[in-house]
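Please look over the sequence and the three-dimensional structure shown below. The paragraphs that follow lead the reader through the fold, one part after another.

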Amino acid sequence: MSVKSSIYLIGFMGSSKTSVAAQIGRDYGETVLDMDKMIEKREGRSIRKIFEERGEKYFRAIETEILAEASAGDRKVVSCGGGIVLNPANIRLMRESGIIVLLVARPETTFERLRNDRSRPLLKDRMNVECIRKMMLKREKLYRNSADYIVRTNGKTIREVAREVYESVYRAGQSSL
């Protein structure tokens, strides 16, 4: 990877992608993009509203457009939505311009992090550990096959995870971060 290589944080919702990306930005001075925020800004409504009003298929199309924009230009850290790996074109876009880091949390940890979050359309009326576990299992192979690195987030602070992500990429010599 070159100096322009971006870091793409992927993983199930609640794996701390947004928080870790922001921490990398603060600690290492990297430019940070949050795809969910970019989508909401473009659409003028929340992700939940997009799902309710236009459906998941529409959302996934917008997600791919936003990823194409995010992958262009100089190096950055991109916090991706949890379903980014559902479209093989998204994985190709990320691979062409950067390094993919999978953040992983146990279903129980994810539930604790999300239990009061009502903005997750795919967990609407299904906010429980078993549902989270089943959704994680459905996506697990896609996540793992997409990732260049895997970082576990359980029992770690956001700063510890951010350091591990950043140093993993740097130590491997994949980018001159």
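**A guided reading of the fold**

Valine 104 has arginine 152 as its bridge partner in strand 5. This pair belongs to a predicted model, and it offers a way into the sheet. Strand 4 (98-104) and strand 5 run parallel to each other and are joined by four bridges. Another pair between neighbouring strands is leucine 102, which faces isoleucine 150 in strand 5.

Leucine 102 also leads to the other side of strand 4. There, isoleucine 10 is the residue that stands opposite leucine 102 in strand 4. Strand 1 and strand 4 are parallel, with five bridges between them. How much of strand 4 is buried? Seven of its seven residues are, and the strand is described as mostly covered.

These pairings are part of an open sheet of five strands, ordered 2-3-1-4-5 and paired in parallel. Strand 2 (32-34) and strand 5 form its edges, each pairing on one side only. From one strand to the next, the twist averages 25°. In general, the strands of a sheet pair through backbone hydrogen bonds, either parallel or antiparallel. Toward the strand 2 edge, three bridges connect strand 2 with strand 3 (residues 77-79), again in the parallel sense. Here valine 32 has valine 77 as its bridge partner in strand 3.

At the other edge, strand 5 (residues 149-152) shows an alternation of side chains. Tyr149 and Val151 point to one face and are buried, whereas Ile150 and Arg152 point to the other face and are not buried.

The sheet may now be placed within the whole chain. The secondary structure consists of seven helices and five strands, and along the sequence the pattern reads β-α-β-α-α-β-α-β-α-α-β-α. Of the 177 residues in the chain, 48% are buried. Among contacts between residues at least 6 apart in sequence, 73% join residues at least 24 apart.

Between strand 1 and helix 1 (17-28) there is a loop that contains serine 16. The phi of serine 16 is near 85°, a positive value in a residue other than glycine. For comparison, most residues other than glycine have a negative phi. Serine 16 counts as buried because its relative accessibility is 15%, and buried means under 20%. Helix 1 itself lies across strand 1, strand 2, strand 3 and strand 4, and runs at about 160° to strand 3.

Helix 2 and helix 3 form a packed pair, with axes 9 Å apart and an angle of about 115° between them. Helix 2 is therefore roughly perpendicular to helix 3. Their crossing is right-handed. On the helix 2 side, the residues that meet helix 3 include Met35, Met38, Ile39 and Arg42. Among their counterparts in helix 3 are Ile47, Tyr58, Phe59, Ile62 and Leu67.

What lies in the interior? In soluble globular proteins, nonpolar side chains tend to be buried together. In this model, the largest nonpolar core has 30 residues, and those with the most contacts inside it are Ile10, Cys80, Ile84 and Met94. Strand 1 (6-10), helix 2 (35-43), helix 3 (47-71), helix 4 (88-97), strand 4 and helix 6 (129-146) each supply at least two residues of this core. Helix 3 gives the largest share, eight residues. Apart from this core lies another, of 16 residues, including Ile7, Val20, Leu103 and Val169.

Which residues does methionine 94 touch, leaving aside residues up to four places away in sequence? They are Tyr8, Ile10, Leu67, Cys80, Ile84 and Ile100. Three of the names in that list, Ile10, Cys80 and Ile84, stand with Met94 among the residues with the most contacts inside the largest core.

Serine 97 is also found in helix 4. With a relative accessibility of 15%, serine 97 counts as buried, since buried means under 20%. Its C-alpha is 8.4 Å from that of arginine 75, and the two residues are 22 apart in sequence.

Terms used:
Residues numbered from 1 in each chain as written. Predicted model: local features only at pLDDT ≥ 70, side-chain atom pairs only at ≥ 80, totals over all residues. Heavy atoms only, no water. Core = buried A, V, L, I, M, F, W, Y, C linked by side-chain atoms within 4.5 Å. Buried < 20%, exposed > 50% of the residue type's maximum accessible area, 1.4 Å probe, protein only. Contact = heavy atoms within 4.5 Å. Pairing = 2+ DSSP bridges. Axes fitted to C-alpha atoms, helices over the stretch in contact; angles between N-to-C directions. Parallel < 35°, antiparallel > 145°, perpendicular 65-115°, else oblique. Left-handed = near helix turned anticlockwise from the far one by under 90°.
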